[in-house]
Amino acid sequence: MLERSYYLAGHSHMITADPLPAHVWSDSGSIIKKAAFSTNTLMDIKKMSDQIEKQELTEPLVQYRGNISKTAEKLGISRTTLYRKLREYQLK
């Protein structure tokens, strides 16, 4: 949802909770103070997410000694997706 909000914010430097579903920022029907996220914070979240994903790709790749088919099967993704992610994270 944060990523979607990031894209919906366009060129704005601030992202508000407005584009998010009500259940994300409400509690038992009463509205909780809407949080505003800076794009820097979201970029930090994206970097952290990328690091976690990179680690999740690397561990089974090492475990299966570079066998793409077994690694993709273990991760529950297609070989094509695995190849794309390996290129994206510059893993060999």
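Which residues make a nonpolar surface patch of about 320 Å²? Read on through the views to find out.

**View 1. The whole chain, a mix of helices and strands.** This is a predicted model, where local features need pLDDT of at least 70, side-chain atom pairs count only at pLDDT 80 or more, and totals for chains, interfaces and linings use all residues. Residues are numbered from 1 along each chain as its sequence is written, and side-chain values use heavy atoms, with hydrogens and water left out. You can pick out five helices and four strands; these are DSSP runs numbered from the N terminus, with helices being H or I of at least four residues and strands being E of at least two. Walking along from the N terminus, you meet them in the order α-β-α-β-β-β-α-α-α. Of the 92 residues, 18% count as buried (buried means under 20% relative accessible area, exposed over 50%, partly exposed in between, with a 1.4 Å probe and protein chains only).

**View 2. A patch made by Tyr-6, Tyr-7 and Met-43.** Here's the answer to the opening question: these three residues make the nonpolar surface patch of about 320 Å². Patch members have over 30% relative accessible area and no salt bridge (a side-chain nitrogen of Lys or Arg within 4 Å of a carboxyl oxygen of Asp or Glu); like charges are joined within 9 Å, and nonpolar side chains (Val, Leu, Ile, Met, Phe, Trp, Tyr) within 5 Å. The areas come from the Shrake-Rupley method with a 1.4 Å probe, and for residues only the protein chains shown count as cover. Tyr-7 sits in helix α1 (residues 2-8) and counts as exposed because its relative accessibility is 58%.

**View 3. The largest nonpolar core, with seven residues.** Its members are Leu-57, Leu-61, Ile-68, Ala-72, Leu-82, Leu-86 and Tyr-89. Helices α3 (39-63), α4 and α5 each give two or more residues to this core. A nonpolar core is a set of buried Ala, Val, Leu, Ile, Met, Phe, Trp, Tyr and Cys residues joined through side-chain atoms within 4.5 Å.

**View 4. Thr-71, a buried residue in helix α4 (residues 68-75).** Thr-71 counts as buried because its relative accessible area is 0%. Skipping residues up to four places away in sequence, Thr-71 touches Leu-57, Pro-60, Leu-61, Tyr-64 and Leu-82 (contact means heavy atoms within 4.5 Å).
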